[in-house]
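Me: I would like to learn how to read a fold from its coordinates. Can we work through one chain together?

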Amino acid sequence: MDFTLEVIPLPVSDIDRARDFYRDKVGFHVDIDQEVMPGMRIVQLTPPGSGCSIALGDNLWDLAEGESKPQPGSYQGLQLCVSDIKAARAELVERGLEVSEPVQYAPDDGATFMYFKDPDGNGWSIQEYRVRGEKPLHKLLSEQAEQRG
């Protein structure tokens, strides 16, 4: 049985502001923006080329068991991957996103990062993983599925 990570709920203080930020500045696609049950609005956005989305909602955690509810801005270390970090940075800066300069921690593929925060302070990194230019994740997953038969 496959267990796929497809949606990450993200705590934000203003759903419309966050939706506009992720859509207009980061380039995510808005998949859902609706009230899914009385009093519960969900906005689901997906990065281009990704199989995993983020979900914004003011009371997403009300349905979950437990008492802890993450606060807006409390998520750090969310990560996107790109095959060309310089091209990605140029695209994001053109959209008006404040994103750091790339930092190369080692010469190896996968060791160059840049960073940004959403309006609430949730922290993101963008990793350059050049092999994705030759072998996009969807192709890799298809090959793995074929090998499993």
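The dialogue below goes from the whole chain to its sheets and then to single residues.

Me: What kind of model is this?

Reply: This is a predicted model. Keep that in mind throughout.

Me: How many helices and strands does the protein chain have?

Reply: Start with the inventory. The protein chain has four helices and eight strands. Next, read their order along the sequence. The pattern is β-α-β-β-β-β-α-β-β-β-α-α.

Me: What does the C-alpha trace span along its principal axes?

Reply: About 50 × 45 × 25 Å. For the interior, look at burial: buried residues make up 36% of the 149 residues. The surface has its own figure. The chain exposes about 9300 Å², and carbon and sulfur atoms supply 50% of that area.

Me: How far apart in sequence are the residues that contacts join?

Reply: Take contacts between residues at least 6 apart in sequence. Of these, 52% join residues at least 24 apart.

Me: And the charges: how far apart are the mean positions of the positive and negative ones?

Reply: The chain carries 15 positive and 26 negative charges, and their mean positions are 4 Å apart.

Me: Now the sheets. How do strands pair in general?

Reply: Strands of a sheet pair through backbone hydrogen bonds, either parallel or antiparallel. Now the case here. One open sheet has four strands in the order E1-E4-E3-E2, with mixed pairing. Its edge strands are E1 (7–10) and E2 (29–37), each pairing on one side only. From one strand to the next, the twist averages 25°.

Me: Which way do E3 and E4 run, parallel or antiparallel?

Reply: Antiparallel. Three bridges join E3 (residues 40–46) to E4 (residues 53–56). To follow the register, pick one pair: Gln44 has Ala55 in E4 as its bridge partner.

Me: Which strands does helix H1 lie across?

Reply: Helix H1 (residues 15–25) lies across E1, E2, E3 and E4. H1 runs at about 10° to E3.

Me: What is the strand order in the other four-strand sheet?

Reply: The order is E5-E8-E7-E6, an open sheet with mixed pairing. E5 and E6 are its edge strands, and each pairs on one side only.

Me: Where does the mixed pairing show up?

Reply: Go strand by strand. E5 (residues 78–82) runs parallel to E8 (residues 123–128), joined by five bridges. Gln79 has Ser125 as its bridge partner in E8. E7 (residues 112–117) runs antiparallel to E8, with six bridges between them. There, Phe113 is partnered by Gln127. E6 and E7 also pair in the antiparallel sense, over two bridges. Gln104 has Thr112 in E7 as its bridge partner.

Me: Which residue takes a positive phi in the hairpin of E7 and E8?

Reply: Gly121, with phi near 100°. Five residues sit between the two strands of this hairpin.

Me: Which side chains of E5 are buried?

Reply: Read a strand's two faces separately. Leu78, Leu80 and Val82 point to one face of E5 and are buried. Gln79 and Cys81 point to the other face and are not buried.

Me: Why is E8 described as largely enclosed?

Reply: Six of the six residues of E8 are buried, so the rest of the structure largely encloses this strand. Check both directions. Gly123, Ser125 and Gln127 point one way, Trp124, Ile126 and Glu128 point the other way, and all are buried.

Me: Which strands does helix H2 lie across?

Reply: H2 lies across E5, E7 and E8, and runs at about 20° to E7.

Me: Let us end on one residue. Where is Arg95 found?

Reply: In the loop between helix H2 (85–94) and strand E6 (103–104). Now use the cut-offs: buried is under 20% relative accessible area and exposed is over 50%. Arg95 has 30% relative accessibility, so this residue counts as partly exposed.

Me: What does Arg95 touch, leaving out residues up to four places away in sequence?

Reply: Asp24, Lys25, Val26 and Gly27. Compare a sequence gap with a spatial one too. Arg95 and Met114 are 19 residues apart in sequence, and their C-alpha atoms are 16 Å apart in space.

Definitions and conventions
Residues are numbered from 1 along each chain as its sequence is written. This is a predicted model: local features need pLDDT of at least 70, side-chain atom pairs count only at pLDDT 80 or more; totals for chains, interfaces and linings use all residues. Side-chain values use heavy atoms; hydrogens and water are left out. Two strands pair if DSSP finds at least two bridges between them. Axes are lines fitted to C-alpha atoms, for helices over the stretch in contact, and angles run from 0 to 180 degrees between N-to-C directions. Contact means heavy atoms within 4.5 Å. Buried means under 20% relative accessible area, exposed over 50%, partly exposed in between (1.4 Å probe, protein chains only). Accessible areas come from the Shrake-Rupley method with a 1.4 Å probe; for residues, only the protein chains shown count as cover. Lys and Arg count as positive and Asp and Glu as negative; His and the chain ends are not counted. The place of a charge is taken as NZ of Lys, CZ of Arg, CG of Asp or CD of Glu.
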